[in-house]
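Biologist: Please take me through one part of this model closely, and then set a few other parts beside it for comparison. I am new to reading structures, so go step by step.

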Amino acid sequence: MTDHLTETQVSLFRERALRPTERERIDSHVAECESCLRRILPSEDSALVYSELTEALLPDSADEAFHLSNADARRYANGSVDQADRVIFESHLDICDQCSKAVHSLASALGGSVSASTRHAEIPAQQFSPAWSAAFQFTPARAVAGVLVAACLVLAFVVWQRWHSRAVDQTAQQTSSQTPSNTPGSGSPTPTQTEVTKEPTTDQFAVAASLKDNGRKIQLDSRGKLIGLEELPEASRSLVRSVLMAKNLSKPEALDQLTAPSITLMDPTAGENTFGLLGPSGTVIEMDRPNLRWQGLAGAASYTVSVFDGDFNRVTRSAPQTATQWTSTKLQRGMIYSWEVVAVRNGQEVRSPVAPAPRAQFKILEAEKLRELTSLKEHSPISHLTLGLTYARFGLLAEAEGQLQILARENPNSPVAMRLLRTVQEWRNH
């Protein structure tokens with residue numbers, strides 16, 4: 001696996017919805033790719049590991065200072081140390097004036113000096129002293145570098161071990177559930193225990209789900225094997241597999257961020273004499289120049305649209321106009337925005353939305369998710385099931401509903417297709 005993980009792969013990996021073989025491929029990838037590792041592992045876990053490694057590797061201010069003994073200083077001065085001890089001694093001498101002066105004094109007394117030629121002289125090989133390794137102190141720069149390297153290795157190992165162990169457990173559970181056991185009290189095993197048979201075909205297993213999809217037939221058997229979407233990426237197939245097995249959709253977190261409760265007012269007439277916004281609101285949108293639409297207000301002379309960022313700063317505004325829609329200037333992908341319209345009628349401003357209605361919020365789809373959708377649309381024939389589920393996972397509700405409506409028309413007697421469509425419709429009407 002040479003490319004970076006897609007957003008669908010990251011999401012399914014976190015939810016443990018991938019097959020064991022796909023999880024193993026991702027395990028191998030994140031062990032070498034720090035960028036994908038950071039996307040999979042929550043930031044709080046990284047901070048915790050970094051904190052613990054820093055505490056373990058950086059020296060305590062209360063520790064006693066380390067110095068060379070007279071015998072060690074003499075061995076270094078006359079060049080009778082091995083290469084390993086030399087590296088340790090010289091690292092210490094670089095930061096300790098006391099020991100450095102002592103070594104130079106001994107070298108002078110022995111009739112020589114500590115120079116670069118002395119440091120690079122041929123030294124007979126001796127056994128490395130483990131005591132020096134334990135006593136060796138890092139400089140702050142070396143300690144920080146060591147912490148960062150160790151943190152990356154530990155994070156990669158933690159991710160691999162966690163997901164690998166879960167994959168092994170799930171595989172073991174599936175194997176045990178499919179292996180027949182002897183009947184209690186029976187004196188002989190069943191035929192399936194004594195005869196060696198070939199790998200059973202898909203037709204021998206019960207079909208857990210079956211749907212028509214744009215001229216093809218998609219099936220999921222009781223083992224979780226998906227048939228009919230072989231040309232799609234494994235991440236997309238895993239998404240379809242997990243939804244068909246659960247027979248339901250999980251609401252994406254992005255929609256919860258865009259849903260705000262209505263505001264209750266003491267004055268029941270405060271929200272009267274206004275007009276409504278048609279959208280986008282409470283959803284993720286694909287375009288970074290959204291088309292904002294609203295209802296007309298009787299007698300209004302003009303409308304002005306304003307778009308705000310998450311901190312309520314106005315990022316763009318239209319000129320006064322008479323039309324009831326406006327295409328915004330280009331907005332930043334991955335960001336959440338809110339918008340409002342101010343109508344002018346009889347010289348007075350009428351604003352929408354106003355309490356008790358919540359703010360009208362939307363999110364611009366991230367660039368990597370847009371690329372994943374674009375790639376999925378290039379497959380022919382298009383899978384309305386896969387595209388609809390991907391739209392739903394990314395929070396693009398209008399597009400998801402459109403694809404799932406086509407799927408429901410192809411499968412009028414399928415409770416799974418109808419349940420998926422109703423789920424998305426409920427999210428839109430919430």
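Modeller: What follows looks at one helix and its neighbours, and then turns to the strands.

The model is predicted, not determined by experiment. The part to look at is helix α15, which covers residues 384-394. How many of the residues of α15 are buried? Eleven of the eleven residues are buried, so α15 is largely enclosed by the rest of the structure. The buried residues are of several kinds: among them are Leu385, Leu387 and Leu389, but also Thr386, Thr390 and Arg393. His384 and Phe394 are buried as well. After α15 comes glycine 395, which has a positive phi near 90°.

Next, the neighbours of α15. Helix α16, residues 397-410, packs against α15 with the axes 8 Å apart and an angle of about 150°. Angles over 145 degrees count as roughly antiparallel, and α15 and α16 are therefore roughly antiparallel to each other. Their crossing is left-handed. On the α15 side, the contact is made by His384, Leu385, Leu387, Gly388, Tyr391 and Ala392. On the α16 side, the residues are Glu399, Ala400, Gln403, Leu404, Ile406, Leu407 and Glu410. Sorted by class, this contact has eight nonpolar residues, three polar ones and two charged ones.

Another neighbour is helix α14, residues 367-377. The axes of α14 and α15 come within 11 Å and cross at roughly 170°. That makes α14 roughly antiparallel to α15. Here Lys369, Glu372, Leu373, Leu376 and Lys377 of α14 meet Thr386, Leu387, Thr390, Tyr391 and Phe394 of α15. By class, this contact has five nonpolar, two polar and three charged residues. Leu387 and Tyr391 of α15 take part in the contact with α16 and also in the contact with α14.

Now the strands, beginning with one sheet. An open sheet of three strands has the order β4-β6-β9, and its pairing is antiparallel. β4 and β9 are the edge strands, pairing on one side only. Ignoring direction, neighbouring strands in this sheet are turned by 25° against each other on average. β6 stands between the other two in the order, and its pairings can be followed one side at a time.

On one side, β6 pairs with strand β4, residues 277-279, over two antiparallel bridges. Leucine 277 has tryptophan 294 of β6 as its bridge partner. On the other side, three bridges join β6 to strand β9, residues 325-327, and these strands also run antiparallel. Asparagine 291 is bridged to threonine 327 of β9, and arginine 293 to glutamine 325 of β9.

Which side chains of β6 are buried and which are not? In a regular strand the side chains alternate between the two faces of the sheet. β6, residues 291-294, shows this alternation. Leu292 and Trp294 point to one face and are buried, whereas Asn291 and Arg293 point to the other face and are not.

Threonine 327, in strand β9, is worth a closer look. How far is threonine 327 from asparagine 291 in sequence and in space? The two are 36 residues apart in sequence, but their C-alpha atoms are 4.2 Å apart in space. Apart from neighbours within four places in sequence, threonine 327 is in contact with Arg289, Pro290 and Asn291. Threonine 327 is partly exposed, with a relative accessible area of 38%.

For comparison, here is another sheet. Three strands form an open sheet in the order β1-β2-β3, with antiparallel pairing. β1 (207-213) and β3 (226-227) are at the edges with a single partner strand each, so one side of each has no neighbour in the sheet. Strand β2, residues 216-221, is joined to β3 by two antiparallel bridges. Glutamine 219 has isoleucine 227 of β3 as its bridge partner.

Last comes a hairpin. Strand β10, residues 336-345, and strand β11, residues 348-352, pair in the antiparallel sense over five bridges. In this pairing, valine 344 is bridged to glutamate 349 of β11. Two residues lie between β10 and β11, and asparagine 346 in the turn has a positive phi of about 55°. A positive phi was also noted for glycine 395, after α15.

Conventions: Residues are numbered from 1 along each chain as its sequence is written. This is a predicted model: local features need pLDDT of at least 70, side-chain atom pairs count only at pLDDT 80 or more; totals for chains, interfaces and linings use all residues. Side-chain values use heavy atoms; hydrogens and water are left out. Buried means under 20% relative accessible area, exposed over 50%, partly exposed in between (1.4 Å probe, protein chains only). Helices (H or I, at least four residues) and strands (E, at least two) are DSSP runs, numbered from the N terminus. Two strands pair if DSSP finds at least two bridges between them. Axes are lines fitted to C-alpha atoms, for helices over the stretch in contact, and angles run from 0 to 180 degrees between N-to-C directions. Angles under 35 degrees count as roughly parallel, over 145 as roughly antiparallel, 65 to 115 as roughly perpendicular and the rest as oblique. A crossing is left-handed if the near helix is turned anticlockwise from the far one by less than a right angle, and right-handed if clockwise. Contact means heavy atoms within 4.5 Å. Ala, Val, Leu, Ile, Met, Phe, Trp, Tyr, Cys and Pro count as nonpolar, Asp, Glu, Lys and Arg as charged, and the others, Gly among them, as polar.
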